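Trainee: Could you walk me through one part of this structure in some detail? I would like to see how a single spot connects to its surroundings.

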Amino acid sequence: MNIHSFLADDDQQSKQYKYVLDTTNKVLDRRKRDRSKSNFGDNDLRSFALKLAQQGDYTEAIALLSQLICRNPHNAVNYNNRGLIYFQSGERQKALYDYNTALKLNPYLASAYNNRANYYAACGELAAALADYDQAIDLNPRHVRAWINRGITWRDLGQYEEAIENFEVALLFGQLEGQIWAERGRTYHLWGDWNCAIADYRRALTKLPSVDNNKDITSCRLRLQLVNWLNELLSESAS
């Protein structure tokens, strides 16, 4: 099962997520005082949209990003972010249009290549996906999600050694360790190395947030998937 991550994913966007966590309450309070979103600054709208997407409120998130695009029609990041949320909501063609628009506006936006690669991977166009992951990594060698997603794609192609190599490089950056161990564990699982798989699954569970009271639906899905993989493996080893 291909579970490429679709969160905003370059260094700048990671900083935006930290900003979101620190300022969401402030934005919500302001929204209560003034219901007109047009009074929000660009950073407030973008950050609030990303937070809403994390919580699964895609319609509102898309509306906010569309407002940003109307304000700044030549801003590639806004198209990339809206494409990301279109993809999360299942509107793949709209996502692809926004990714392509973002790359026309800024052909050096690594995260847009990564996101478009996720689209291709989900559509089964794995060669096109690998080409875009390669481009994202060439533009930003520290793009952790591109390394992870390229590893998943190699795994989908049955190239387990290449997949493991990508996950091991991703681990060097000290980010998203729970996800990386989960994906590396799954690769070992499919490759038949059950001891390494169990060890990685258990490492991942110590890093991923618990499902209780966690509003990040992507992390919740990954943890549930991880538990299923581990149970599957333990069941196989017991039989």
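Mentor: Let's start with Leu 208, which sits in the loop between helix H11 (194-207) and helix H12 (217-238). In this predicted model, Leu 208 has a relative accessibility of 11%, and because buried means under 20%, Leu 208 counts as buried. Now look at what surrounds this loop residue. Setting aside residues up to four places away in sequence, Leu 208 touches Gly 178, Gln 179, Leu 222, Arg 223 and Leu 226. Glu 177 is 31 residues from Leu 208 along the chain, yet their C-alpha atoms are separated by 8.4 Å.

One of those contacts of Leu 208 is Leu 226, and that name leads us to the largest nonpolar core. This core has 36 residues, and Leu 226 is among those touching the most other members, together with Ile 148, Ile 180 and Tyr 201. Try finding Ile 180 next: leaving aside its neighbours within four places in sequence, Ile 180 is in contact with Val 144, Ile 148, Phe 167, Ala 170, Leu 171 and Gln 175.

Tyr 201 deserves a look too. At 0% relative accessibility, Tyr 201 is buried, and Trp 229, at 2%, is buried as well. The rings of Tyr 201 and Trp 229 form a stacked aromatic pair, 6.1 Å centre to centre with 25° between the planes. This pair links distant parts of the chain, since Tyr 201 belongs to helix H11 and Trp 229 to helix H12, 28 residues apart. So if you trace the loop that holds Leu 208, you will find helix H11 on one side and helix H12 on the other.

How values were computed. Residues numbered from 1 in each chain as written. Predicted model: local features only at pLDDT ≥ 70, side-chain atom pairs only at ≥ 80, totals over all residues. Heavy atoms only, no water. Core = buried A, V, L, I, M, F, W, Y, C linked by side-chain atoms within 4.5 Å. Buried < 20%, exposed > 50% of the residue type's maximum accessible area, 1.4 Å probe, protein only. Contact = heavy atoms within 4.5 Å. Helix = DSSP H or I, 4+ residues; strand = E, 2+ residues; numbered from the N terminus. Phe/Tyr/Trp six-rings, centres within 6.5 Å; stacked < 30°, edge-to-face > 60°.
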